[in-house]
Amino acid sequence: MSNILITGSDGFVGKILVAKLSLKKYNFLQVTRERKGENSVACNLSDPGKVIDLLNNYRPKIIINLAAVIKFNESSSSDFFSVNVLLT
């Protein structure tokens, strides 16, 4: 089966998607802030070099981007913008 790369897999929608893909025996890799298990990898998505390395190593056919910052406050407004706008 095709390699699927999922960002934001530890969020609400991501957890549901991972459960469904696991039941169907799809080959997928979860990209999270911290490694969560056998089929996950930690990667800072704001670091282009690390993202390129990840893509070169895993070679996904499908990328599902669910990564987002959902809590907004004035002190983290740059993170909110960079993740939700620039990284998508």
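The following paragraphs go through the sheet of this predicted model, then one residue in strand 1, then the two ends of helix 2.

The sheet is open and has four strands, arranged in the order 3-2-1-4 with parallel pairing. Strand 3 (40–42) and strand 4 (62–65) lie at the edges, each pairing on one side only. On average, and with direction ignored, neighbouring strands of the sheet are turned by 20° against each other. In general, strands of a sheet pair through backbone hydrogen bonds, either parallel or antiparallel. Strand 1 (residues 3–7) pairs with strand 2 (residues 27–32) in the parallel sense, and five bridges join the two. For Leu-5, the bridge partner in strand 2 is Leu-29.

Thr-7 belongs to strand 1. Is Thr-7 buried or exposed? Thr-7 counts as buried because its relative accessibility is 5%, and the cut-off for buried is under 20%. Leaving aside residues up to four places away in sequence, Thr-7 touches Val-31, Leu-45, Ile-64, Asn-65, Leu-66 and Ala-67. With one of these, Asn-65, there is also a polar contact, side chain to side chain, at 2.5 Å.

Helix 2 covers residues 48–58. What does the side chain of Asp-47 reach at the start of this helix? One of its side-chain oxygens comes to within 3.1 Å of the backbone nitrogen of Gly-49. At the other end, Arg-59 follows helix 2 and has a positive phi, near 55°.

Technical notes
Residues numbered from 1 in each chain as written. Predicted model: local features only at pLDDT ≥ 70, side-chain atom pairs only at ≥ 80, totals over all residues. Heavy atoms only, no water. Polar contact = N/O pair within 3.5 Å; in protein donor to acceptor, adjacent residues only side chain to side chain. Pairing = 2+ DSSP bridges. Axes fitted to C-alpha atoms, helices over the stretch in contact; angles between N-to-C directions. Buried < 20%, exposed > 50% of the residue type's maximum accessible area, 1.4 Å probe, protein only. Contact = heavy atoms within 4.5 Å.
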